[in-house]
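Me: I've got a model open and want to go through the labels people put on it. Can you take me through what earns each one?

Reply: Sure, here it is.

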Amino acid sequence: MSKDSDRPAFPQRCSFCGKPSGQVQRLFSGHESFICDECVEICHDLIQNAPESGAQSEITDLPSPADIKNFLDNYVIGQEEAKRTVAVAVYNHYKRINYQLQNNPGRTNDKDDVELEKANILLLGPTGTGKTLIARSLAKFLKVPFTIADATVLTEAGYVGEDVENILVRLFQAADSNPQLTERGIIYIDEIDKIARKDGNPSITRDVSGEGVQQGLLKILEGTVANIPPKGGRKHPEQAFVPINTGNILFICGGAFDGLEKIIARRIGKNMVGFDAEKKFVDAKSDEIFKHTQPGDLMNYGLIPELVGRIPVVAPLESLDEEALLNILTEPKNALTKQYQKLLKMEGVELTFEKDALKEAVKIAVERKTGARALRSIFEKAMLELMFEIPSKPEIREVVITKETITDGAKPKLLTEQKKKKSA
């Protein structure tokens with residue numbers, strides 16, 4: 001008898017799940033490996049359900065500009081002109097994508113061979129007027145991946161800070177690591193005005209957080225294939241990269257552009273604007289000053305001409321007055337008062353706000369000059385003690401926020417079950 005016959009016979013196992021041949025129906029052999037029928041079935045399901053590599057499907061049920069604006073109305077108060085401008089730009093952007101998918105690249109059915117270019121969007125206006133909210137609401141309505149990038153933390157490639165391409169990494173992660181979904185997404189770059197050249201003139205010295213970042217943004221704004229590290233961080237040769245084509249990614253840039261109004265007013269001078277029947281003077285303090293923004297004004301502010309050319313759609317936002325801020329507190333689907341009411345409803349408590357309390361909060365917000373952002377901090381401070389105590393007091397059934405709660409930090413009116421019945 002040979003030595004090999006003396007060795008114990010080990011059962012053959014699946015190289016994937018490790019099950020022996022006795023626990024599966026079939027075991028298929030390959031080169032120094034095996035796979036069972038169960039793993040074959042799992043692999044088949046994965047292949048069937050996986051998105052087609054390199055292929056994108058048409059965006060079905062593309063909403064009209066009117067539908068897009070109507071949805072924005074549920075979340076953004078006022079800013080009618082900005083919402084209309086954005087709605088049209090977004091509709092044309094995704095209509096362009098659908099057209100490209102219906103026609104093979106380089107082979108179009110049109111006789112004139114008109115090439116549709118991407119139109120990124122610039123939202124400009126005072127802080128707290130709804131720039132980020134518009135971008136976020138758009139992504140929610142269109143059901144596309146969305147991410148926010150802060151331009152102030154970006155630096156030119158090779159310097160300490162965050163590379164421009166890391167913006168794409170975050171969108172890739174928001175798309176569940178799906179390259180095709182990533183290329184349909186929306187990226188909102190906040191505080192784009194903070195990377196402007198300080199004097200509006202080309203810099204002869206290295207400006208790694210200003211003009212250098214603008215140069216880095218050019219290619220991804222216009223459309224390029226960027227090889228990104230899936231998990232972010234700095235690139236190194238041993239790392240696997242994912243190619244992302246930015247040609248169909250919609251970039252929305254936002255900024256307060258403090259001081260731009262003076263540049264516009266200086267250009268307009270004492271001239272009147274508008275039609276003959278409606279001519280009027282516009283100065284730097286006018287809420288409508290940003291409506292007269294021209295590319296030259298943005299270049300004088302410090303944006304390089306190439307960047308201005310890649311953000312052709314400009315949507316100015318107006319500062320919010322007391323009436324608009326009051327509506328923001330109560331009307332939108334995610335209004336601040338509705339959020340607090342829902343939180344207390346989870347505790348079985350009914351929450352109401354006196355009108356004077358809301359008006360007082362609005363007055364304080366106007367004085368702070370930070371738009372709707374001020375409302376959140378005002379109510380967070382006023383509601384802190386209440387949110388701390390309510391979970392420990394199950395007898396409380398109703399809470400009324402008064403004017404004194406907002407102005408002096410006084411305790412709100414608390415009604416127990418008995419008091420509520422008596423008042424009823």
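Me: What makes Lys-69 and Glu-80 a salt bridge?

Reply: Their closest N and O atoms are 2.7 Å apart. A salt bridge is a side-chain nitrogen of Lys or Arg within 4 Å of a carboxyl oxygen of Asp or Glu, so the pair qualifies. It links distant parts of the chain: Lys-69 sits in helix 3 (residues 65-73) and Glu-80 in helix 4 (residues 80-102), 11 residues apart. Helices here are DSSP runs of H or I with at least four residues, strands are runs of E with at least two, and both are numbered from the N terminus. One caveat: this is a predicted model, where local features need pLDDT of at least 70, side-chain atom pairs count only at pLDDT 80 or more, and totals for chains, interfaces and linings use all residues. Residues are numbered from 1 along each chain as its sequence is written, and side-chain values use heavy atoms, with hydrogens and water left out.

Me: How do you know whether Lys-69 is buried or exposed?

Reply: Buried means under 20% relative accessible area, exposed over 50%, and partly exposed in between (1.4 Å probe, protein chains only). Lys-69 has 13%, so it's buried. Glu-80, at 40%, is partly exposed.

Me: Which residue does Glu-80 also bridge to in helix 4, and what separates the two?

Reply: Lys-83, with the closest N and O atoms 3.5 Å apart. Glu-80 and Lys-83 are 3 residues apart in helix 4, so about one helical turn separates them. An α-helix has 3.6 residues a turn, so residues three or four places apart point the same way. Lys-83 has a relative accessible area of 1%, so that one is buried. Lys-69, Asp-73, Glu-80 and Lys-83 are linked in a network of salt bridges.

Me: What makes Glu-38 and Lys-19 a pair that ties parts together?

Reply: Their side chains meet in a salt bridge, 2.7 Å from N to O. Glu-38 lies in helix 2 (residues 37-49) and Lys-19 in the loop between helix 1 (3-6) and strand 1 (27-30), so the bridge ties together parts that are 19 residues apart in sequence. Glu-38 has 32% relative accessible area and Lys-19 has 29%, so both labels read partly exposed. By this rule the count comes to 14 salt bridges.

Me: Why is the group with Lys-363 called a positive patch?

Reply: Patches take residues with over 30% relative accessible area and no salt bridge, joining like charges within 9 Å and nonpolar side chains (Val, Leu, Ile, Met, Phe, Trp, Tyr) within 5 Å. Lys and Arg count as positive, Asp and Glu as negative, while His and the chain ends are not counted. Lys-363 has 41% relative accessibility, so it clears the area cut-off. Lys-355, Lys-359, Lys-363 and Lys-403 gather in this patch, and helix 14 (residues 355-368) gives the most, with 3 residues.

Me: And what makes Glu-323 exposed?

Reply: Its relative accessibility is 57%, so it counts as exposed. Glu-323 is found in helix 12 (residues 322-330) and belongs to a negative surface patch with Asp-321, Glu-322, Glu-331 and Glu-367.

Me: How do you know that strand 12 pairs with strand 13?

Reply: Two strands pair if DSSP finds at least two bridges between them. Strand 12 (residues 350-353) and strand 13 (residues 396-401) have 4 bridges and run parallel, so they pair. Glu-350 stands opposite Glu-398 in strand 13.

Note on methods:
Accessible areas come from the Shrake-Rupley method with a 1.4 Å probe; for residues, only the protein chains shown count as cover. The place of a charge is taken as NZ of Lys, CZ of Arg, CG of Asp or CD of Glu.
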